[in-house]
Amino acid sequence: LSQVFSFRKKTEDFGPYVVQIGAFSSEENAKRLKLQVRQLGHDVSINKVDSNGKTFYAVRVNRYKLKRKAEEIGKDIKSKLGVNYRVLYRP
């Protein structure tokens, strides 16, 4: 029951900020990073992004109302996995 409640709370807290932790030309590499970050307990998605005629697979941690919270999550993931991140505004 507590899991259901925490999931509900999480969806209510959705906001416009995502933490992008990687963008790969290989979907397999994106899936590998997604799995690692998921094991840390984060909600992770892979978004297909076209840029300059190339396709990339962006790995993103979803969604935060506050930019500050997204920054905290990015810093935490960087400290644990050593990956760089950037916070994106995606309303």
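**View 1. Buried residues of helix α3 in the predicted model.** A70, I73, G74 and I77 are the buried residues shown in α3. They sit on the same side of the helix, because their arc around the axis covers only 100 degrees. The model is predicted.

**View 2. Helix α3 along its length.** The helix runs over residues 67-81 and has 15 residues. From first C-alpha to last, α3 reaches 21 Å. That is close to the 21 Å expected at 1.5 Å a residue.

**View 3. What packs against the buried side of α3.** Two strands, β1 (17-24) and β3 (54-64), pack against the buried residues of α3. Helix α2 (27-39) and β4 (86-89) pack against them too.

**View 4. The opposite face of α3, and the residue that follows the helix.** R68, K75 and S79 are exposed. They lie on the face turned away from the buried side of α3. Just after the helix comes G82, with a positive phi of about 75 degrees.

**View 5. S45 in strand β2.** The strand covers residues 44-51, and S45 is found within it. S45 has a relative accessible area of 18%. The cut-off for buried is under 20%, so S45 counts as buried.

**View 6. Surroundings of S45.** Beyond its neighbours within four places in sequence, S45 is in contact with A58, V59, R60 and N62. With N62 there is also a polar contact between side chains, at 3.3 Å.

Conventions. Residues numbered from 1 in each chain as written. Predicted model: local features only at pLDDT ≥ 70, side-chain atom pairs only at ≥ 80, totals over all residues. Heavy atoms only, no water. Helix = DSSP H or I, 4+ residues; strand = E, 2+ residues; numbered from the N terminus. Buried < 20%, exposed > 50% of the residue type's maximum accessible area, 1.4 Å probe, protein only. Polar contact = N/O pair within 3.5 Å; in protein donor to acceptor, adjacent residues only side chain to side chain. Contact = heavy atoms within 4.5 Å. Expected span 1.5 Å × (residues − 1). Arc of directions from axis to C-beta.
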